Amino acid sequence: MSDCTDCRLAAARVWHGHFWPCSNCCARAIARSLPFWSSRRAGKQLPEYRALLAAHKLTHEQVLDARRRDWLQCLARTDCAAQAAQSTREAYASTLAPEHKRATGL
Ligand SMILES: [Zn+2]
């Protein structure tokens, strides 16, 4: 585990931050990049994806591992996000007048 702040946050929750000198952060960022997804769609590593890997001295396996870890965080948080959305919906509904609740179905 890296001692990078963005890596620590990404390990604890869904996190968007990336610190470019950190190789783990670079792997996470590349896993979210257009060249990565274009390569997945093409079914092969495209030149722009290989260039990214080479520029950051990373392997495809490191990027896939970073992607898996990010997805596990997303999946772990899905239930929490659904509960938070329901709470927000209920809080919003409590502010509506009865006729607006009927109109919006809340
Ligand atoms: Zn990092």
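Select Lys57 in this predicted model; the residue lies in the loop between helix 4 and helix 5. Its backbone merits inspection: phi of Lys57 is near 55°, a positive value in a residue other than glycine. Is Lys57 buried or exposed? Lys57 counts as exposed, because it has 9 C-beta neighbours inside 10 Å and the limit for that class is 12 or fewer.

Next, move to Glu61, which is found in helix 5. Glu61 is exposed as well, with 9 other C-beta atoms within 10 Å. Now add Ala27 to the selection and display the C-alpha atoms: those of Glu61 and Ala27 are separated by 9.5 Å, although the two residues stand 34 residues apart along the chain.

Keep Ala27 on display and select Val63. Leaving aside residues up to four places away in sequence, Val63 touches Ala27, Ile30, Ala31, Phe36 and Leu58.

From Val63, extend the selection to the largest nonpolar core, which has 13 residues. Which of them touch the most other members? They are Cys26, Ala27, Ile30, Ala31, Phe36 and Val63. Colouring by element shows where the core comes from: helix 1 (5-12), helix 2 (23-31), helix 4 and helix 5 (60-94) are the elements that give two or more residues. Helix 2 supplies the largest share, six residues.

Phe36 leads to the next stop. Select helix 3 (residues 34-42) together with helix 4 (residues 47-55), and draw their axes. The two axes come within 8 Å and cross at roughly 135°. Helix 3 is therefore oblique to helix 4, since an angle counts as roughly antiparallel over 145 degrees and as roughly perpendicular from 65 to 115. The crossing of helix 3 past helix 4 is left-handed. To see the residues involved, show Pro35, Phe36 and Ser39 on helix 3, and Glu48, Tyr49 and Leu52 on helix 4; these make the contact. By class, the residues of this contact divide into four nonpolar, one polar and one charged.

Finally, clear the selections and view the whole protein chain as a cartoon. How many helices and strands does the secondary structure contain? There are six helices and zero strands, and the order of elements from the N terminus is α-α-α-α-α-α. Colouring by burial, one finds that 15% of the 106 residues count as buried. A contact map completes the tour: among contacts with a separation of 6 or more, 36% join residues 24 or more positions apart.

How values were computed
Residues numbered from 1 in each chain as written. Predicted model: local features only at pLDDT ≥ 70, side-chain atom pairs only at ≥ 80, totals over all residues. Axes fitted to C-alpha atoms, helices over the stretch in contact; angles between N-to-C directions. Helix = DSSP H or I, 4+ residues; strand = E, 2+ residues; numbered from the N terminus. Parallel < 35°, antiparallel > 145°, perpendicular 65-115°, else oblique. Left-handed = near helix turned anticlockwise from the far one by under 90°. Contact = placed C-beta atoms within 7 Å. Nonpolar A, V, L, I, M, F, W, Y, C, P; charged D, E, K, R; others polar. Core = buried A, V, L, I, M, F, W, Y, C linked by C-beta atoms within 7 Å. Buried ≥ 20, exposed ≤ 12 C-beta atoms within 10 Å, placed from the backbone.
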